[in-house]
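Me: I have a model open here and would like to talk through how its helices pack. Could you take me through it, starting with a helix contact?

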Amino acid sequence: MTPEEYLNGQVLLIDKPLKWSSFQAVNKLKYLLINKVGLPKKFKIGHAGTLDPLASGLLLICTGKFTKKISELQGQAKEYTGTFYIGATTPSYDLETEIDQTFPTDHIDEALIHETVKQFLGEIDQKPPIFSAIKKDGVRLYEHARAGESIEIESRKTTIHEFEITRIALPEVDFRVVCSKGTYIRSLAYDFGKAMNSGSHLTVLRRTKIGDYDVKNAIDITLFEEELLKK
């Protein structure tokens, strides 16, 4: 692809590796496009929706004139797959922090799991995790959390379009979710465990779709770099 094509606008489908931040992925591509393709240092580039470092999968990176499409792309429904660990919670609702509480699971069976799914379909109230980048009083929530401060988090409306359990091997439960912008799958994991009179946290998360864009058509950053070096 020529520099002009990137400047005129591209939506790059990247399969973000585990442990990379979305910011790191954008910076890596920016470096490659400046140094290997010859784009000017101040060209526009950005991603359409953050993916946590502990999640892998589809990251849409827009270049040039297509950075104007970012807010439109962010508003599209997203599909995720992953794993809940039933019977324990963590402060971050995922593996970023250690288990802080354990709960009974003897009463949990497949019927209860499938029945509980129904509570989360449609519009729901959801509280974002304390370990999130949302700002309260000008400070990001995770900064309050790391300082050991307790803070009241307001719930928000979000929509779960589809919620399917794909494997049950307690304490692990695999799922597929299609949801609206602003949904926290970590919060869904926490609330799901609570709804079963137990606890739960997220151990695996992969974003598979954003609107009509599918991770099957995405490229790993390392492969993207290799393709550029061949030219």
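Reply: Gladly, and bear in mind that this is a predicted model. Ala25, Lys28, Leu29, Leu32, Leu33, Lys36 and Val37 in α2 meet a set in α7 made up of Ile221, Phe224, Glu225, Leu228 and Leu229.

Me: How do the residues of that contact divide into nonpolar, polar and charged?

Reply: The contact of α2 with α7 has nine nonpolar residues and three charged ones, with no polar residues.

Me: At what angle do the two axes cross?

Reply: The axis of α2, which spans residues 22-37, and that of α7, residues 221-230, cross at roughly 5 degrees and come within 11 Å. Angles under 35 degrees count as roughly parallel, and α2 and α7 are therefore roughly parallel to each other.

Me: Staying with α7, which of its residues are buried?

Reply: Ile221, Phe224 and Leu228 are buried in α7, and because they cover an arc of only 55 degrees around the axis, they sit on the same side of that helix.

Me: Why would residues spaced like that point the same way?

Reply: An α-helix has 3.6 residues a turn, so residues three or four places apart point the same way.

Me: And what is exposed on the other side of α7?

Reply: Leu229 and Lys230 are exposed there, on the other side of α7.

Me: What covers the buried residues of α7?

Reply: The cover includes α2 together with α1 (3-8), β1 (10-16) and β14 (219-220).

Me: Switching to α4, which residues are buried there?

Reply: In α4, which runs over residues 110-117, the buried residues are Ile113, Thr116 and Val117. Seen down the axis of α4, these buried residues fall within an arc of 110 degrees, so they line one face of the helix.

Me: What do they pack against?

Reply: The buried residues of α4 pack against two strands, β10 (156-169) and β11 (172-179), and against the helix α6 (185-195).

Me: Different topic: how many disulfides does a search of the whole structure find?

Reply: The search finds zero disulfides. Cys62 is in none, and the nearest cysteine sulfur to its own is that of Cys179, 19 Å away.

Me: Why is there no bond from Cys179 either?

Reply: A disulfide needs two cysteine sulfur atoms within 2.5 Å, whereas the sulfur of Cys179 is 19 Å from the closest one, in Cys62, which is too far for a bond.

Me: Are those two cysteines buried or exposed?

Reply: Cys62 is buried, with a relative accessible area of 0%, and Cys179 is buried as well, with a relative accessible area of 1%.

Key
Residues numbered from 1 in each chain as written. Predicted model: local features only at pLDDT ≥ 70, side-chain atom pairs only at ≥ 80, totals over all residues. Heavy atoms only, no water. Buried < 20%, exposed > 50% of the residue type's maximum accessible area, 1.4 Å probe, protein only. Axes fitted to C-alpha atoms, helices over the stretch in contact; angles between N-to-C directions. Helix = DSSP H or I, 4+ residues; strand = E, 2+ residues; numbered from the N terminus. Parallel < 35°, antiparallel > 145°, perpendicular 65-115°, else oblique. Contact = heavy atoms within 4.5 Å. Nonpolar A, V, L, I, M, F, W, Y, C, P; charged D, E, K, R; others polar. Arc of directions from axis to C-beta.
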